[in-house]
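Please look over the sequence and the model together before reading on. The paragraphs that follow move from single side chains to the fold as a whole and back again.

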Amino acid sequence: MTTDRTALTVLLLPAAVVFVAFFLLPLANLALLGGSGKLGWAAYLAVLTEERYLRSLIATVLLAGATTVATLIVSGVAGVFLSRNRFRGRALLTAMLTLPLAFPGVVIGFMVIMLGGRQGLVPEVTDRLFGERLVFAYSMVGLFIGYLYFSIPRTILTVMAAAEKLDPRLEEAARSLGASPVRVVRDILLPGLQPALLAAGAICFATAMGAFGTAFTLATKINVLPMVIYTEFTLQANVAMAAALSFVLGAITWAVLAVARTVSGSTVAAAG
C-alpha cells in the first residue's frame, strides 16, 4: 500500500508542480495586482458599478451566450445529420465545416471584413440592389458572425462523436410506437446528446468570452471585455484595473465550465 501511494505521488508530482507554477501562482498574483491600484480592492466592485465596465461585461456575456445558442443549434442539426448519413462528398463536407480550426482569430476577423466590411461582398451586393451599402463587420453583428464561424467546427466534431454512440434502435422503437419526429428529438436525441452539448456549449461560451484576435481586428465599434482590458493595459496604463477585469472575466468563465461539468457529469475542458 505504501509503495502504491509513493508511486502515485511521484506520478502526480509533475502535474502538481505545473498546476501551481502556471495556474495558482499567476492567478493569485493577478488577484493581488487587481487590488493594488488607486482604487484598491474597490476595483473589483468598479467592474459592476462603473457604467463603462458594466456595459462591456454585459455585452460580452450576451454575445457569448448568443454565440453558444446559435452554435449548438447549427452544430447539433448538422452533427446528427452527418453522423447518421453516408453519401458521396460527406468527407469533403465535414472537412470544409471543420476548416476554420486552422485559422487564427485575426484571419477570421479579416474574412468577416471581406464579407461585411466597407468594400466587402455584402455591401457591394446591397449597393447594387438597393442603392445603400450594408456594412456590419465592425459591429457586434460582425463579431457574432466571426465567433460563430470558429465555434461551429469545435462543436460539430463533439456532436458527431456523441451521436455516433447513440443506439439508432431507440429512435426506431419510438417511431414504431407512433412518436412524432419532434418527440423523438425531445425524448431520445436531446437526452442522449445532453452531456456533449453541455460540454461543447461551455467551451464555446468560454472561448467567446475571452477571444481577442477577432475582436481586435473588428474593434472599430466593439466594446467587449477583452478589448476593454487591452485598452486599460496599453492606452490607459491602468494595469491594476486591467488585472481586475481579467480576474472577473476568468472567474465567470471558470464558473460556467464548472457548472457545465457538474450538470453533464462529464469532463469539460477549459478553452484555449
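A residue is called buried here when its relative accessible area is under 20%, exposed when that area is over 50%, and partly exposed in between, with a 1.4 Å probe and protein chains only. The model is a predicted one, in which local features need pLDDT of at least 70 and side-chain atom pairs count only at pLDDT 80 or more, while totals for chains, interfaces and linings use all residues. Residues are numbered from 1 along each chain as its sequence is written, and side-chain values use heavy atoms, with hydrogens and water left out.

With those terms in hand, the fold can be described. The secondary structure of the protein comes to 12 helices and 0 strands, where helices (H or I, at least four residues) and strands (E, at least two) are DSSP runs numbered from the N terminus. The C-alpha atoms fill a box of roughly 80 × 70 × 30 Å along the principal axes, and of the 272 residues 37% count as buried. If a contact is taken as heavy atoms within 4.5 Å, then 66% of the contacts between residues at least 6 apart in sequence join residues at least 24 apart.

A search of the whole structure for aromatic pairs finds 7 of them. Rings of Phe, Tyr and Trp (its six-membered ring) pair if their centres lie within 6.5 Å, and planes under 30 degrees apart count as stacked, over 60 as edge-to-face and the rest as tilted. In W41 and Y44 the ring centres are 6.0 Å apart and the planes stand at 15 degrees, so this pair is stacked. Its two members differ in cover, since W41 is exposed with a relative accessible area of 53%, whereas Y44 is buried at 18%. Y44 also pairs with F247, this time edge-to-face, at 5.8 Å centre to centre and with 80 degrees between the planes. That second pair links distant parts of the chain, because Y44 belongs to helix α2 (residues 42–49) and F247 to helix α12 (residues 239–264), 203 residues apart. F247 itself is partly exposed, at 26% relative accessibility, and ring pairs link W41, Y44 and F247 into a cluster.

Another ring has a charge for a partner. The charged end of R118 sits over the ring of Y138, 4.4 Å from its centre; the criterion is that NZ of Lys or CZ of Arg is within 6 Å of the ring centre and within 35 degrees of the ring normal.

Two buried residues show what the inside of the model looks like at a given position. F136, in the loop between α6 (121–130) and α7 (140–164), is buried with a relative accessible area of 12%. Leaving aside residues up to four places away in sequence, F136 touches L115, G116, V122, V141, G142 and I145. Between F136 and F150, 14 residues apart in sequence, the C-alpha to C-alpha distance is 18 Å.

The other residue, C204, lies in helix α9 (residues 181–210) and is buried at 5% relative accessibility. With the same sequence neighbours left out, C204 touches T67, T68, T71, S151 and T155. Although C204 and Y147 are 57 residues apart along the chain, their C-alpha atoms are separated by 8.9 Å.
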